[in-house]
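Morning, everyone. Please have the viewer open while I talk. I'll keep this short.

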There are 2 protein chains.
Amino acid sequence: MPIDSTVAFLGPKGTFSHAAAITFFAAHKTSSQTPWEMRSYSSIEDVFASVERGDVRFGVVPVENSTEGAVNNTQDCLLEAAVEIVGEIVIPIEHNLLAAPGTKLSSLTTIASHKQSLAQCRQWIAKHLPALTLKECVSNAQAAVLATKEEGVAAIAGEFAAQTYGLEVLVSSIQDHSHNSTRFLILSQPGQGLPDRANAGSSKLKTSILIATDNKPGALFRILEPFNALEIDLSKIEARPSKQRAWEYVFFIDFIRGGLDLSNDALIQNLMTKLREETSSLRVLGTYATARQPSASEGS
Amino acid sequence: MPIDSTVAFLGPKGTFSHAAAITFFAAHKTSSQTPWEMRSYSSIEDVFASVERGDVRFGVVPVENSTEGAVNNTQDCLLEAAVEIVGEIVIPIEHNLLAAPGTKLSSLTTIASHKQSLAQCRQWIAKHLPALTLKECVSNAQAAVLATKEEGVAAIAGEFAAQTYGLEVLVSSIQDHSHNSTRFLILSQPGQGLPDRANAGSSKLKTSILIATDNKPGALFRILEPFNALEIDLSKIEARPSKQRAWEYVFFIDFIRGGLDLSNDALIQNLMTKLREETSSLRVLGTYATARQPSASEGS
């Protein structure tokens, strides 16, 4: 199979990352018209590395959950890796209690899931199944596999995991916040882009940049000033340790504006010039069509 | 023992939180001159709850690591809990390979530790002990307990854990970044303060506030504007999901300035007035003496 139809996702099979990869690439044709080949990787770091090395054409990683916040591993990899962000997709996170077909709720002894999923269903568990043992797994999919093998074990995972591993949904939608969703990034080697990149013109475009500030009073304010002066909508700002020196930070900034080719946009060129006056370190991570955010209006 | 000499920390015994609690309170006398009683709690949420209920006088929780960034649990608890921040302390995080006395490096089969500590020693392990199995534990202290019980298991933990559990340091200082340290917060019920609060006058003071922004373009910029106009040094800003609605954020802001009683400070009153014009939601989390940051100049 030719390399340009391969996609790396954070596995194992049945994760929300897998669902995100399938959903995103169902809407994007391969350049060779062969079907996409989805490859499971065991860590976010491995997905980045496979894209950097060119083992796969694209990678799909979670970057932010609407309740839990940023995925630090992904942000830290973006700091280091030579990859470009070429797309994003938002997937609603619906947790279900899954077990082997025929299992009764009353026969359960253990609920297995990733720590974050257990946390996201804490109130439901406390109300309905407070006596069960909670078991932390490295992923929801691993918990699903456990539920297929061990009697009395239910997994908390998405419906896609139920389909993947042949489990039954005992109780659906048990997460405590109804407006829970996760944003995923689509990565490629720099300059590759999506096969149907030209079609993105109809969507709003988002640009992600990475800026290091001096450790001086007002440094962050001076970086935000050009956005305000030029009336460019800053949709997101997130601080992370620089890792170069203790208590120094870098900022991930997303803004909505402009065409795919930033060098053709005078306003953006003006912004970049002003930003470069304030920082020695500015990297454009990518410009891509914004995702529809399915749960934005479903706040509870 | 009277309630006013009790301190809750994120346990079990021997954690860096325990070391932080002992170090901080060694420098602060109890009001009754009885020794501080340190109580171990199994989660950050439990430390907050014990302070809120008045089961203990103070609580000690990690809030930020210089390499790994913010501790999300603590930030999320600050969003909800009726507590005040009355102090902070920065503890250098030095990881050591610990094992039962007499254990040889060559007889090890497993390295156990908290996921974050394993991550912070990743390069060292890959270079020196690549063949060993890595085992994730819920805390470094739990890993230390495991090392006392199971043959062939070494734990990655601080020297304080070695002392607490009678382990030997096989290799010291194995963390990949030499400038690793963690900042801890000291919490109390609102209005209680430290027993020797009046003595804090000689230190620089930090104020922590929590602000929710409207989801409108430029909202963050308008919140930073008053700090810039009044030349108040913003030492930290951190975004977290509001949990009220998907993709809405609150900001944790720290600034250096002012006396313990903010209502006596005209500049701060001016700042608060300007901030309240921009947000419907502003909470002062506390004003307290800044910690000396031991590793700030040790960047590698």
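I'll start with how the chains are arranged, then go to a sheet and a helix in chain A.

One thing up front: this is a predicted model.

Let's take the two chains. Rotate chain B by 180 degrees, with 0.0 Å of shift along the axis, and chain B superposes on chain A. The RMSD is 0.0 Å. Why does that matter for the symmetry? Because that is the relation of a two-fold axis. The same surface serves both copies. Put as a number, 100% of the contact residues of chain B recur in chain A.

Now the contact itself. How many residues of chain B are in contact with chain A? There are 31, and they meet 31 residues of chain A. Look at chain B's side. Helix 8, residues 219-229, supplies at least two residues there, and so does strand 13, residues 233-241. Strand 13 of chain B gives the largest share, with 7 residues. By character, chain B's side divides into 12 nonpolar, 13 polar and 6 charged residues.

Next, turn to chain A and find the sheet. This is an open sheet of 5 strands. The order is 8-7-9-6-10, and the pairing is mixed. Which strands sit at the edges? Strand 8 and strand 10 of chain A, the latter being residues 168-171. Each of those pairs on one side only. Neighbouring strands are turned by 35 degrees against each other on average, ignoring direction.

Zoom in on one pair. Strand 7 and strand 9 of chain A run in the parallel sense, paired over 3 bridges. Want a residue to click on? In strand 9 of chain A, A:Ala155 is the bridge partner of A:Ala112.

Now add helix 6 of chain A. This helix packs on the sheet. It touches strand 6, strand 7, strand 8 and strand 9 of chain A. Its direction makes about 155 degrees with that of strand 9 of chain A.

Is helix 6 of chain A mostly covered or mostly open? Mostly covered: 7 of its 10 residues, in the run 140-149, are buried. The buried ones are A:Asn140, A:Ala141, A:Gln142, A:Ala143, A:Ala144, A:Val145 and A:Ala147.

What covers those buried residues? The cover includes strand 6 (96-99), strand 7 (110-114), strand 8 (133-137) and strand 9 (153-157) of chain A. Helices contribute too: helix 4 (115-120) and helix 7 (159-165) of chain A are included.

To recap: a two-fold axis relates the chains, and in chain A, helix 6 packs on the sheet. Thanks.

Definitions and conventions. Residues are numbered from 1 along each chain as its sequence is written. Chains are lettered from A and ligands numbered from 1 in the order in which they are written. This is a predicted model: local features need pLDDT of at least 70, side-chain atom pairs count only at pLDDT 80 or more; totals for chains, interfaces and linings use all residues. Copies are superposed by least squares on the C-alpha atoms of residues with pLDDT of at least 70 in both. Two residues are in contact if their C-beta atoms, placed from the backbone, lie within 7 Å. A residue is buried if 20 or more other C-beta atoms lie within 10 Å of its own, exposed if 12 or fewer, and partly exposed in between; C-beta atoms are placed from the backbone. Helices (H or I, at least four residues) and strands (E, at least two) are DSSP runs, numbered from the N terminus. Two strands pair if DSSP finds at least two bridges between them. Axes are lines fitted to C-alpha atoms, for helices over the stretch in contact, and angles run from 0 to 180 degrees between N-to-C directions. Ala, Val, Leu, Ile, Met, Phe, Trp, Tyr, Cys and Pro count as nonpolar, Asp, Glu, Lys and Arg as charged, and the others, Gly among them, as polar.
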